[in-house]
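I opened this notebook to record what I looked up in one structure. The entries follow the order in which I made them.

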Amino acid sequence: MAQSNGMSDEVYYPSEQILAQANIADYDAIHQSMLRDPAGCWDQIAREEFEWFEPWKTTLDDSNPPFYQWFVGGKVNIVHNALDRHARTWRRNKLALVWEGENYDQRSYSYQQLHREVSRFASVLRAMGVRKGDRVTIYMGRIPELIIAMLACAKIGAVHSVVYGGFSVEALHERIEDSESRVAITSDGAWLRGNVVPLKDIMDEALQRAPTIQTLIVVKRTGQDVHMEPGRDFWYHDLMNLPIADAHIETEVMDAEDPLFLLYTSGTTGKPKAILHTHGGYMVGVATTLKWVFDIKEEDTWWCAADPGWITGHSYIVYAPLLLGTTSVIYEGAPNHPFPDRWWDIVERHGVTVLYTAPTAIRGLMRFGDAWPNRHDLSSLRLLGSVGEPINPEAWRWYHRVIGQGRCPIMDTWWQTETAHFMITPLPVTPLKPGSATKPFPGVQIDIVDEDGSPVGPNEEGYLVIKSPWPGMMRTIYRDAERYVNQYWSRFPGMYMTGDSARRDEDGYIWVIGRVDDVIKVSGYRLGTAEVESALVSHSAVVEAAVIGVPDEVRGNIIRAYCILATGYEPSAHLVEVLRDHVGHEVGPIAKPSSIEFVDSLPKTRSGKIMRRVLKARALGQDEGDLSTLEA
């Protein structure tokens with residue numbers, strides 16, 4: 001139910017049913033408890049929820065900041081908790097993964113079956129010479145073998161480095177070279193919108209420049225002819241049919257601080273950096289956040305509609321759902337293939353109860369109107385989620401009204417590759433404001449500070465920082481500890497610099513505005529790109545928008561907007577003025593774009609984030625910088 005709080009912010013309150021079934025019934029109580037003794041609370045969670053080969057001696061070692069360590073001395077393996085322990089209980093026959101290909105082919109795996117496949121492939125990797133601490137590059141589409149490969153690496157103590165299966169040759173090569181992988185895993189191709197993405201060909205070209213790779217394992221998915229290099233390339237199915245594919249391999253005992261994976265992320269400048277996460281803290285953090293934020297129950301069918309190649313997929317497709325013994329849906333293809341109701345069809349047929357996706361996908365499907373989702377029975381849904389960037393209120397309302405049918409709370413989550421798991425997020429019991437990620441996850445110390453590192457007042461914008469360590473935090477940038485310190489911890493000593501700006505309202509709700517370089521200062525006023533973009537998208541003529549600041553001698557910066565029009569609207573000078581006036585009405589005259597350009601597409605990362613810096617570089621005739629994450 002929505003009510004006004006007198007500030008034109010709508011507030012949506014949870015239903016009695018949601019309140020009655022929530023895993024965490026009182027946010028304030030648990031948040032304050034965890035703030036008083038964060039290490040003690042995480043210690044209790046880690047002991048009660050997970051199995052350890054040996055207990056830890058120190059819950060949090062903060063003797064060498066910012067190189068914090070969690071569960072020091074503890075022995076564990078994330079795969080033991082994600083698979084091994086389930087395979088010996090009644091959950092062995094519960095569905096772990098339900099996979100649907102773009103062509104409607106389907107495969108499913110019980111926990112016992114997934115455990116067996118992971119164990120067999122782990123044996124294959126070990127037979128191919130992979131040992132504890134070795135890096136293995138994985139470059140595949142959204143197929144079960146990608147998840148099996150990740151888990152198999154972790155089971156034997158290898159460090160997986162997943163490269164999203166749409167990256168270019170140069171991006172792939174760069175990541176292989178930096179990680180010094182000797183073994184790589186790919187597939188012949190992937191299906192996307194009815195076409196084959198030639199992954200093996202891209203990998204072959206990358207390997208011409210990456211001599212460290214000695215072994216390449218290839219999964220047959222699309223079936224086209226591919227070159228197989230003798231002595232280097234092996235078919236996955238051939239290896240899995242050999243006696244070396246032993247299902248009884250032991251899980252490697254790992255230290256809690258041993259590396260689990262590398263995941264590369266791009267900044268506005270410089271080469272992509274490898275974020276390093278570890279077995280113990282990551283395991284505790286991702287499982288706890290999923291359980292509390294999405295209220296995961298034994299009977300749930302969870303669908304995180306991301307790609308395993310991104311942190312969202314690592315944490316909330318692969319590891320957290322399996323740690324909780326949850327059933328997950330995974331879909332290979334595009335959300336609108338072959339028709340714009342593909343996702344809603346999947347929700348109906350598989351009985352999805354919790355859906356987690358990105359604002360860019362919501363806006364993209366919203367373009368097609370209400371009729372497509374209204375064709376389907378979406379009554380199984382009880383919670384919705386948003387991830388990737390601030391969701392504009394108009395998309396939030398559509399998602400809530402049409403997909404959630406007015407009864408499903410939306411968990412709008414803010415977090416990063418570096419944080420590993422949710423950091424600012426509602427719980428199902430939290431009253432919601434469209435466009436706000438609400439409050440810190442229990443125990444997380446968030447603040448918003450000015451240039452001097454001092455907290456700002458209510459509704460003042462500033463730098464979003466994290467003031468205390470958390471279990472899933474990145475441990476370092478692989479092979480570049482100095483860059484880790486300089487990029488994340490030097491701007492405000494003792495605080496983690498997120499790189500985002502935000503404001504906090506009178507109710508303590510946090511509104512993430514965007515990257516610091518996505519904040520435009522016009523005539524001394526700080527304007528968030530998200531605010532102006534939300535105003536544009538709230539007009540019926542605009543389905544998606546991006547705005548940038550362009551230097552201006554008088555005002556410091558002026559706003560330039562790029563808009564994708566809805567069906568039935570044509571570009572015109574009149575429409576430009578209508579939209580400028582609309583922004584003036586919604587945000588204020590200072591926010592009116594100086595120019596609006598109508599475009600067919602916007603530059604985005606493959607995870608769906610608009611790359612405003614690319615638009616800005618193009619507008620200013622500058623070098624566009626690292627484009628490895630740019631969507632093709």
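The entries below concern salt bridges and one serine with its surroundings.

**Entry 1. The model.** I note at the outset that this is a predicted model.

**Entry 2. The count.** How many salt bridges are there by the rule applied? I obtained a count of 45 salt bridges. I then looked up individual pairs.

**Entry 3. E51 and R88.** I found a salt bridge between E51 and R88, whose closest N and O atoms are 2.5 Å apart. This pair links distant parts of the chain, the two residues being 37 residues apart. I located E51 in the loop between α3 (38-49) and β3 (58-61). I placed R88 in the loop between α4 (78-87) and β6 (95-100). I then asked how E51 and R88 are classed by accessibility. E51 counts as partly exposed because its relative accessibility is 28%, within the band from 20% to 50% that the class covers. R88 is likewise partly exposed, with 47% relative accessibility.

**Entry 4. R232 and D233.** I next looked up R232 and D233, whose side chains meet in a salt bridge of 2.6 Å, N to O. Is R232 buried or exposed? R232 has a relative accessible area of 16% and is therefore buried, the limit for that class being under 20%. D233 is also buried, at 9%.

**Entry 5. R612 and E533.** I recorded a salt bridge between R612 and E533, with the closest N and O atoms 2.7 Å apart. Here too the pair links distant parts of the chain: I found R612 in helix α19 (residues 612-620) and E533 in helix α17, 79 residues apart. R612 has 10% relative accessibility, so I entered R612 as buried. E533 has 8% relative accessibility and so counts as buried as well.

**Entry 6. The network.** Which residues are linked with R612 and E533 in a network of salt bridges? I listed R363, E389, E544 and K604 as the further members of that network.

**Entry 7. S534.** I returned to helix α17, which spans residues 529-537 and contains S534. Which residues does S534 touch, if those up to four places away in sequence are not counted? I found N392 and P393. Why is S534 classed as buried? The reason is its relative accessible area of 16%, which falls under the 20% limit.

**Entry 8. Closing note.** Helix α17 thus appears twice in these entries, once for E533 and its salt bridge partner R612, and once for S534.

Definitions and conventions: Residues are numbered from 1 along each chain as its sequence is written. This is a predicted model: local features need pLDDT of at least 70, side-chain atom pairs count only at pLDDT 80 or more; totals for chains, interfaces and linings use all residues. Side-chain values use heavy atoms; hydrogens and water are left out. Helices (H or I, at least four residues) and strands (E, at least two) are DSSP runs, numbered from the N terminus. Buried means under 20% relative accessible area, exposed over 50%, partly exposed in between (1.4 Å probe, protein chains only). Contact means heavy atoms within 4.5 Å. A salt bridge is a side-chain nitrogen of Lys or Arg within 4 Å of a carboxyl oxygen of Asp or Glu.
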